[in-house]
Amino acid sequence: MSELQKPKSKFGTLPVFFTAVSTILGAVMFLRFGYAVGSVGFLGTLAIVFIGHLVTVPTSMSIAEIATNQKVEGGGEYYIISRSFGINIGAAIGVALYLSQAISVAFYVIAFAEAFDPVLAWLADAHGIYITDKRMISVPAILLLSILMLTKGADLGMKALYGVVFTLFVSLVMFFMGSTDYQMQGESFDMLAHVTTNDDFFMVFAIIFPAFTGMTAGVGLSGDLKDPKKAIPLGTVSATLIGMVIYLFIAYKLATNASPEDLVSDSLVMSKIALWGPIIPIGLAAATISSALGSIMVAPRTLQALAMDKIFPSGGLNAFLSKGKKKNNEPVNSTLVTVGIALFFVAMGDINSVAKVISMFFMVTYGAICTISFFQHFAADPSYRPAFRSKWFISLLGAVMCLFLVFKMDAAYAFFSLAIMVLIYLGLSRFNKEKAGMANIFQGVIFQLIRQIQVFIQKADKDDQTWRPSVICISGDAFERPAAFELMRWISHRYGFGTYLHFIKGYFSKETSEQSRSELERLIRVADISDSNVYVDTMVSPSYTSAIAQCLQLPSVSGKENNMILFEFSKANPVNLGLIMENYSMVRTSGFDTCILASSDRGLEVKTEIHIWITPSDFNNSNLMILLGYVILGHPQWKKAEIKISTIVNKSDMEEEKDELLELIKSGRLPISANNINIIEREEGRSIKESINEYSRDADLTIVGFRSEAVKQRGEELFMGFEDVGDVLFVNSTHSKEIK
């Protein structure tokens, strides 16, 4: 059990709710919401609230769903994302999330200093004391806040949180109880009234959206909650919905109590409306300090969780950042780092540009959470049984809205934010290679998608309009002779599908089962190293015949039936050829096209020529041989190669054969040059094998057709006698293929 799990958790639902709602009803509400109403009108502001909550409501519901399925430990949002997408992807988003939370501390403290405008004005007028640099307020404030957090920890944060939430509540009550002469004058309420500014709708939205982003603030306390599965859903969803309702009423109150000009020009216009004006700066101070408290509690815990997962390249750094107090695991060192980052940005004084990046990072985080929930609805994972369920279309809506809005708000910052997270991911993957890759959530979705596609294909019309090879190969020599696997790799690269089965002779037992798993791991490594698209597996069977019978009944990885089987034997030691001949009639009965590869010891990395031999006796095979040659050319290893077709015909048929092949070339159905067609006159006393040995001596692969009748008559001898050429692929087609 990790150290993050050891301390006794003590917080209930209220801290989650208060942390979220005090962040939602924060600095933006007091300082900039009037600007929104004045800039885009009451209806425009309602649209901003509605669009913003198309992100926040799905996100809060997604968090509630995930939190009721898994134990959400220390790290909050980071824990949810990393345990769903995998450590590296989760950490890439988690680092960005942490930076947003840390910089948010500075953002809220700077906003806290804005609440002192009436005090600064009073000091200047009454006592002649002029304080023009508000960093004289913000820097001491963050230092005091940090000292209190380091010495008292989250307990003080919770106690202070209750006080500031009460103050926030009183300020809102007094705001709604107040009124102005603007309302008393009885002017008709114009829902579209606004001033003309250079700020378009989405620019105003970008400024206001951070007001809605506090709903996940309470999730960061997950490691300190008694029952996260209850506290997080209830606290998060209720804070989001209550915040939305309050914003709607605030927008109406502002629109009916102040002119658009006053709303835009006066950042503290709410104090002019409230029953007691000074309560608004006090409420602003309470809201901003509570948001800062929430961020300074949450951000170090996110950083501590990142370090606990050892995502940083230095073991010492991970140990330093993950260290907490023995009593309650307060993240002291992570708090120091967070304070340092916050102080840096507070010292800058102006973080408007950085605030955009913060919004981008939060938006990406929300999008990731909604995407997790959406995927889980389709992954059909038996272990995913949340007590609270959102709807898949709500989660999808949240994910799509996040993607849309992140670019509408500021495309440049969106690309910048995403680029930072990609760089973080690449860096983490380099130092944490064992944690690379997606988590099971993607596998579950892919498995379900494949299942649905395969069922659909099976039910669809089987009258194929185009033919493509779906080959199955069974061989017991996978590690001795890779020729068959190489051919499967070429066929499966682009146009075809391949299943390679490594045959293990014997009865199924504990020993052969272990051998099967071990050799399958070797095959997968080989397939991975060679970058193949071949599906590999092992088969334990008491005989070669029973193994062939089994593999003929296996489905193809394409989702349809296999249509071709590949055998292989060594020309130098043709032991396997006898076994192939013994089982050929069974294969023929299955209706499969049959390929038999006679492999040689010759092997060149760069392939240049494929020779296809067409004889008068196997025209039924010719189109399949040509199609296979074309399929093989699709592999990068054959990118510099060309097909050469040779045909042996009687003298009287030479012109007719030549014209037919040239017509195929002209129509574009043969990817070869006319110069690569070699029509050979049949000579008395000269066998076809002799011609092949002469003309295809330098070919990298020679394709030759054979007939079933010839197998019955000549058996193994049919495939022997090609010593002067390299690899030979013998092809038998059950029916003629069409070259389109």
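In which helix is Val-173 found? Val-173 belongs to helix 8, and that helix is a good place to begin a tour of this predicted model.

**A nonpolar patch on the surface**

Helix 8 spans residues 154-177 and gives the most to a nonpolar patch, supplying three residues. The patch covers about 610 Å² of the surface. Its makers are Phe-169, Val-173, Met-177, Leu-275, Trp-276 and Ile-282.

**The open sheet**

Further along the chain you will meet an open sheet built from 10 strands. Their order is 3-2-1-4-5-10-9-6-7-8, and the pairing is mixed. Strand 3 (535-541) and strand 8 (677-681) each have a single partner strand, so they stand at the edges with one side left without a neighbour in the sheet. From one strand to the next, the twist averages 20°.

To see one pairing in detail, look at strand 3 and strand 2 (residues 497-505), which run parallel and are joined by seven bridges. Within that pairing, Leu-501 has Asp-537 of strand 3 as its bridge partner.

**Helices across the strands**

Two helices that lie across strands of the sheet are worth finding in the view, and this table sets them out.

| Helix | Residues | Strands it lies across | Angle |
|---|---|---|---|
| Helix 22 | residues 510-529 | strand 2 and strand 3 | about 160° to strand 3 |
| Helix 27 | residues 688-695 | strand 6 (609-614), strand 7 (642-649), strand 8 and strand 9 (701-705) | about 160° to strand 6 |

Helix 22 thus shares strand 3 with the pairing described above, while helix 27 lies across strand 8, which stands at an edge of the sheet.

**How confident is the prediction?**

The protein has a mean pLDDT of 80, with 83% of its residues at 70 or more. Where is confidence lowest, and where is it highest? The lowest mean, 64, belongs to helix 20 (residues 440-459), and the highest, 94, to strand 10 (residues 727-732). Strand 10 sits between strands 5 and 9 in the sheet order. At the start of the chain, residues 1-8 keep a pLDDT under 50 throughout. For these residues, the model has 14 contacts beyond four places in sequence.

Notes
Residues numbered from 1 in each chain as written. Predicted model: local features only at pLDDT ≥ 70, side-chain atom pairs only at ≥ 80, totals over all residues. Heavy atoms only, no water. Pairing = 2+ DSSP bridges. Helix = DSSP H or I, 4+ residues; strand = E, 2+ residues; numbered from the N terminus. Axes fitted to C-alpha atoms, helices over the stretch in contact; angles between N-to-C directions. Contact = heavy atoms within 4.5 Å. pLDDT = per-residue confidence, 0-100. Patch = residues over 30% accessible without salt bridge, like charges linked within 9 Å, V, L, I, M, F, W, Y side chains within 5 Å. Areas by Shrake-Rupley, 256 points an atom, 1.4 Å probe, with all protein chains shown as cover. Salt bridge = Lys/Arg side-chain N within 4 Å of Asp/Glu carboxyl O.
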